[in-house]
Amino acid sequence: CNAVVSACETGGEWQWALQLFGEMEESRLEMNTIAYSKPLSACEKNGQWVQALWLFCEMAHRFVLRDATAYKATVSTCEKSGEF
């Protein structure tokens, strides 16, 4: 599943990346730092700061380690959006 989300992220299909990510959660697959990194990256590449913040907060809510990559992607997305 991570490979498919990664392909969506690489192809600029952030909506599909987030949808597939949601389906992974619903399927009760293991949600770890790696699982969150590709949707966060997709949000970063496409300026989707609201979704990036939601994913970042979800990581904490689900006790998933937020590593430097997650912080960078979230901050970069917010910075690029011009909203902050």
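Is Glu-44 buried or exposed? That was what I wanted to know when I opened this predicted model. I found that Glu-44 is buried, as its relative accessible area is 11%.

**Entry: the partners of Glu-44**

Next I looked up what Glu-44 pairs with. One partner is Lys-72, and the closest N and O atoms of that salt bridge are 3.3 Å apart. I placed Glu-44 in helix H3, which covers residues 33-45, and Lys-72 in helix H5, so I noted a link between distant parts of the chain, 28 residues apart. Unlike the buried Glu-44, Lys-72 is exposed, with a relative accessible area of 53%.

Lys-80 also forms a salt bridge with Glu-44, and here I read 3.8 Å between the closest N and O atoms. This pair again links distant parts of the chain, with Lys-80 in helix H5 and Glu-44 in helix H3, 36 residues apart. Lys-80 counts as exposed, at 54% relative accessibility.

**Entry: the rest of the salt bridges**

How many salt bridges does the structure hold? I counted three. Besides the ones at Glu-44, I found Glu-58 bridged to Arg-62, with the closest N and O atoms 2.8 Å apart. Glu-58 counts as buried at 13% relative accessibility, while Arg-62 is partly exposed, with a relative accessible area of 43%. I also wrote down that shared partners join Glu-44, Lys-72 and Lys-80 into one network.

**Entry: rings**

I then turned to the aromatic side chains, and the count came to one aromatic pair. Why is the pair of Phe-56 and Tyr-71 edge-to-face? I found the ring centres 4.8 Å apart and the planes at 75 degrees; since planes over 60 degrees apart count as edge-to-face, the label follows for this pair.

Where do the two rings lie? Phe-56 is in helix H4 (residues 49-61) and Tyr-71 is in helix H5 (residues 68-81), so the pair ties together parts that are 15 residues apart in sequence. I checked their accessibility too: Phe-56 is buried, with a relative accessible area of 10%, whereas Tyr-71 is partly exposed, at 40%.

**Entry: a charge over a ring**

Which residue lies over the face of Phe-56? I found Arg-66 there, at 4.4 Å from the ring centre.

**Entry: helix H5 once more**

Looking back over my notes, I see helix H5 come up repeatedly. Tyr-71 in helix H5 pairs with Phe-56 of helix H4, Lys-72 in helix H5 links to Glu-44 of helix H3, and Lys-80 in helix H5 links to Glu-44 as well.

Key. Residues numbered from 1 in each chain as written. Predicted model: local features only at pLDDT ≥ 70, side-chain atom pairs only at ≥ 80, totals over all residues. Heavy atoms only, no water. Phe/Tyr/Trp six-rings, centres within 6.5 Å; stacked < 30°, edge-to-face > 60°. Helix = DSSP H or I, 4+ residues; strand = E, 2+ residues; numbered from the N terminus. Buried < 20%, exposed > 50% of the residue type's maximum accessible area, 1.4 Å probe, protein only. Lys NZ or Arg CZ within 6 Å of the ring centre and 35° of its normal. Salt bridge = Lys/Arg side-chain N within 4 Å of Asp/Glu carboxyl O.
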